Amino acid sequence: MMESLENINPKLYKKIEDRLITAAEEDEDIVDAFDAREIFDLIRNINDPEHPLTLEELNVVEQNLIEVNDAENIVNVKFTPTIPHCSMATLIGLSIRVQLLRALPPRFKVNVEITPGTHVSETALNKQLADKERVAAALENSHLVEVINQCICGPKC
């Protein structure tokens, strides 16, 4: 946790209701395609690095900013930092990427970007998040992985 918060009083949003699980969804013999809601459910409870709040509660991730093309194995996630100069944006993007890489089958190409027009360094941060070598190098840093794991699994870790 940082000593001084960038966004001392973030705006909170109502969480959407949990998805009702149908019998067909529980049937292991039925193949169902990945959709935006499923991806959203995987990332909605990631914790913000600065606050004891989820990315969903802060409206950093939204279902309507997720695109899934199951046939082409592509997942695109846009996220919206709470403030335009958020220094945690890269860490948030890495947390989203790591969670999806851990949870999705390896056939998927995962793209994580900042929602256009929501961060002063959007282009540079998107370039960092898209660079596989930089992401891999970041994930070799044990302290950074520990922080990402804390964001992904929360206080129970």
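**A nonpolar core around a β-α-β unit**

In this predicted model, the largest nonpolar core has 37 residues. Those with the most contacts inside this core are Ile 39, Ile 43, Val 77, Phe 79, Ile 96, Leu 100 and Leu 104. Two or more core residues come from each of α2 (36-43), β2, α3, β3, α4 (122-130), α5 (132-138) and α6 (142-153). Helix α3 supplies the largest share, with seven residues. In soluble globular proteins, nonpolar side chains tend to be buried together.

Leu 100 illustrates the packing within the core. Neighbours within four places in sequence were set aside. Leu 100 is then in contact with Ile 39, Leu 42 and Ile 43, and also with Val 75, Val 77 and Val 110. Ile 39, Ile 43 and Val 77 are themselves among the core residues with the most contacts.

The chain as a whole contains six helices and three strands. Their order along the sequence is α-α-β-β-α-β-α-α-α. Strand β2 spans residues 74-79 and runs parallel to β3. Six bridges join the two strands. In one of these pairings, Asn 76 has Asn 111 of β3 as its bridge partner. Helix α3 covers residues 89-103. Together with β2 and β3, helix α3 makes a right-handed β-α-β unit.

Side chains alternate along strand β3, residues 109-114. Val 110, Val 112 and Ile 114 point to one face and are buried. Lys 109, Asn 111 and Glu 113 point to the other face and are not buried. Val 110, on the buried face, is a contact of Leu 100. Asn 111, on the other face, is the bridge partner of Asn 76.

Across the chain, 39% of the 157 residues count as buried. The exposed area of the chain is about 9400 Å². Carbon and sulfur atoms supply 52% of that area. Contacts were also sorted by sequence separation. Among those with a separation of 6 or more, 66% involve residues 24 or more positions apart.

Cysteines were examined separately. A disulfide is a covalent bond between the sulfur atoms of two cysteines. The search of the whole structure finds zero disulfides. Cys 151 is in no disulfide, and the nearest cysteine sulfur, that of Cys 153, is 9.2 Å away. The cut-off for a disulfide is 2.5 Å between sulfur atoms. Cys 151 has a relative accessible area of 4% and is therefore buried. Cys 86 also counts as buried, because its relative accessibility is 7%. The limit for buried residues is under 20%.

Definitions and conventions
Residues numbered from 1 in each chain as written. Predicted model: local features only at pLDDT ≥ 70, side-chain atom pairs only at ≥ 80, totals over all residues. Heavy atoms only, no water. Buried < 20%, exposed > 50% of the residue type's maximum accessible area, 1.4 Å probe, protein only. Helix = DSSP H or I, 4+ residues; strand = E, 2+ residues; numbered from the N terminus. Contact = heavy atoms within 4.5 Å. Areas by Shrake-Rupley, 256 points an atom, 1.4 Å probe, with all protein chains shown as cover. Pairing = 2+ DSSP bridges. Right-handed = clockwise from strand over helix to strand, strands pointing away. Core = buried A, V, L, I, M, F, W, Y, C linked by side-chain atoms within 4.5 Å.
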